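Me: Could you walk me through this structure, one question at a time?

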Amino acid sequence: MDTNRKKINKLKVFSILITTTFVFALGIFFGHMINTSQLNNIMEFQQDLRTQTLSLELQYALASQELCVGTNWNLVGNELYNMGEMLANMESSLGKLDEDVLKLKEYYSLLEVKHWLFLKNVKEKCKSNTPIILYFYSNLGDCDDCEKQGYILTYLKKKNPELNIFSFDINTDNIAIEGLKDLFGLKGKNLPLLIVDDTVLEEFTGLEELNKLIS
Amino acid sequence: MLWNIFTYVTVYFGLFTGIFFLFTFFENMGGLKVRKAKRFPKVTIIVPAYNEETTLKGTVYSLLNLDYPKDKLEIIVVDDGSKDSTYEVAKQFIKKGVKVFTKENGGKATALNFALTKSTGELVGCLDADSFVTSSALKKMVGYFEDPEIMAVTPSIKVWKDNCLLQKMQKVEYLMGVFLRKAFAYLDSIHVTPGPFTIYRKWFFDKYGGYDVGNLTEDIEVALRIQRHGFSIENVMDANVYTISPNKFKSLLRQRNRWYIGFLTNVFNYKDLFGLKHGNLGILVLPSAFISIALSIILFLYTLGNLLNHSFKNLINFYNVGFDITPFFTNSQNFYWDFSPLRILALLSLLTGILMITLTKKYSREESKIGFAYFLYLIAYWIFFAFWWIIAISLKTLKRQVSW
């Protein structure tokens, strides 16, 4: 019997600590690498959206008088919605305060405001009845009903894919969102806030009421 | 933030212990060779039985089939005051040379102590009446006793027939136990000498007393006593013993309550084993057992809290859309694959587990396929483990009685 077996082999423990730390560091490195690659993809997607938005605006500017017939001006809107879903998933994985998430959300909000202005213009020109919903929320724990409201809006969008919903994190720090707040007099109002066309709805709005407004 | 730190600490701990035990195993793989016995000492195998009329026959037959000189093998069955026909079943084996006794019910330890007074073997072991031993096991084990420091030799315990999901999960748990017991043996830190077929030197009981009567896990007590006296416990990875595992949640919970409360009680009684004096056992193996229990419980409670919170929120959300959740089943391409560092690290920990199971299968000559069982084990075992421990700790704190 090797009586040394009982004794702690300090060198062995130390080597395993080093090995574990190395494996641990390697895991963190690979995790970050994969995440960065995914972030780059999302950023590329955002750039594509920007190009699409610009193309759409140009197409609109150059269109003939029949611009309201047969053109689906909301293709970008749907892409934006997909982007929003992806960002929401990313936020729940990486955390609300993750720097990359915040940056992507800021840029996303700018694209949303830009496309909202465009759609608003098209809607007026074409006298369309399709409602446009703006949704302001906060996910910093100061809005108990925001999650519920978000769920109802997702439900509505899934049921009515043609519906235009633009969601904005009220805490996103950019001038465009500040501008929207001023435009609709949102400061001091309780969240969640919905603007269905020009109607401002303060606090939680149920499915029934929303259905009435968009029908 | 605090939770993130906790999860990283948990993963680091899991990786460290996994790598440590794997390293220990690889470092000592030369010791896996069978130590051929130069002589065959007389061995007494005791079968304590209480209401085991259905399984006793199989147990005794497996002992009669042992590849060991018949004149060197003594089999003693002790009926511990069974209420069924256990004693009648046992008596059928008298003509095959099995010694059969019956006594008033007093618990497993009393049955074992009774048999110790009747045994004539130089080595003595026990086989629970719900377990079966493979024919080559004893021959593989006795060779280790040529080293005078070895006081006990443990076999590999495996699950006999995994018919239901609970048994499949236990099958992998037992295989993991086979690996760990071998790694503990290399560290001279085995702290459980399982009831089924651990072989001891008889003189240890003569000198240091028999089994601890009233102890919920007398096998843990004996192992800790051996360690306290500075002797060693070995393990033979391919000496296979099969045991019938509980197939009902309630009986499994009852078994774990007994094991875990017994473990806590015995480790408390032998708390002097912690610390530098007892080397690997006192500094690494016993503390890491407690750390893993604590981490599992915290992880379980946090996950349970989160799950309840999410379920409650979802219920409200479903209510708000009139329980029409069909639109959410549309195929969404907008999924963000979370490959956060934590998940990569968890995956690495998983790989250490897979490697342990693979090594166990190879060196303990386990031929059955365990793919699905392993998947089940990964998903569910930690939940069961934490749950059993929470119940056991609660019962221990409330000083509730648990019987064997």
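**Chain A, chain B and their contact**

Reply: Happily! Chain A has six helices and four strands, where helices (H or I, at least four residues) and strands (E, at least two) are DSSP runs numbered from the N terminus. This is a predicted model, in which local features need pLDDT of at least 70, side-chain atom pairs count only at pLDDT 80 or more, and totals for chains, interfaces and linings use all residues. Residues are numbered from 1 along each chain as its sequence is written, while chains are lettered from A and ligands numbered from 1 in the order in which they are written.

Me: What is the radius of gyration of chain A?

Reply: The C-alpha trace of chain A spans about 95 × 40 × 30 Å along its principal axes. For 215 residues the globule rule (2.2 Å times the number of residues to the power 0.38) gives 17 Å. Chain A is well over that, so it is more spread out than a compact globule; its radius of gyration, taken over C-alpha atoms, is 24 Å.

Me: Which helix supplies the largest share of the side of chain B that touches chain A?

Reply: The contact takes 34 residues from chain A and 38 residues from chain B, with two residues in contact if their C-beta atoms, placed from the backbone, lie within 7 Å. On the chain B side, helix 1 (2-27), helix 10 (279-320) and helix 11 (341-363) each supply at least two residues. The largest share, eight residues, comes from helix 10 of chain B.

Me: Are helix 10 and helix 12 of chain B roughly parallel or roughly perpendicular to each other?

Reply: Their axes, which are lines fitted to C-alpha atoms over the stretch in contact, with angles from 0 to 180 degrees between N-to-C directions, come within 9 Å and cross at roughly 105 degrees. Angles under 35 degrees count as roughly parallel, over 145 as roughly antiparallel, 65 to 115 as roughly perpendicular and the rest as oblique. Helix 10 and helix 12 of chain B are therefore roughly perpendicular.

Me: Which helix gives the most to the largest nonpolar core?

Reply: A nonpolar core is a set of buried Ala, Val, Leu, Ile, Met, Phe, Trp, Tyr and Cys residues joined through C-beta atoms within 7 Å, buried meaning that 20 or more other C-beta atoms, placed from the backbone, lie within 10 Å of a residue's own. The largest one has 98 residues, and B:Val77 is among those with the most contacts inside it. With eleven residues, the helix that gives the most to this core is helix 6 of chain B.

Note on methods:
Buried ≥ 20, exposed ≤ 12 C-beta atoms within 10 Å, placed from the backbone.
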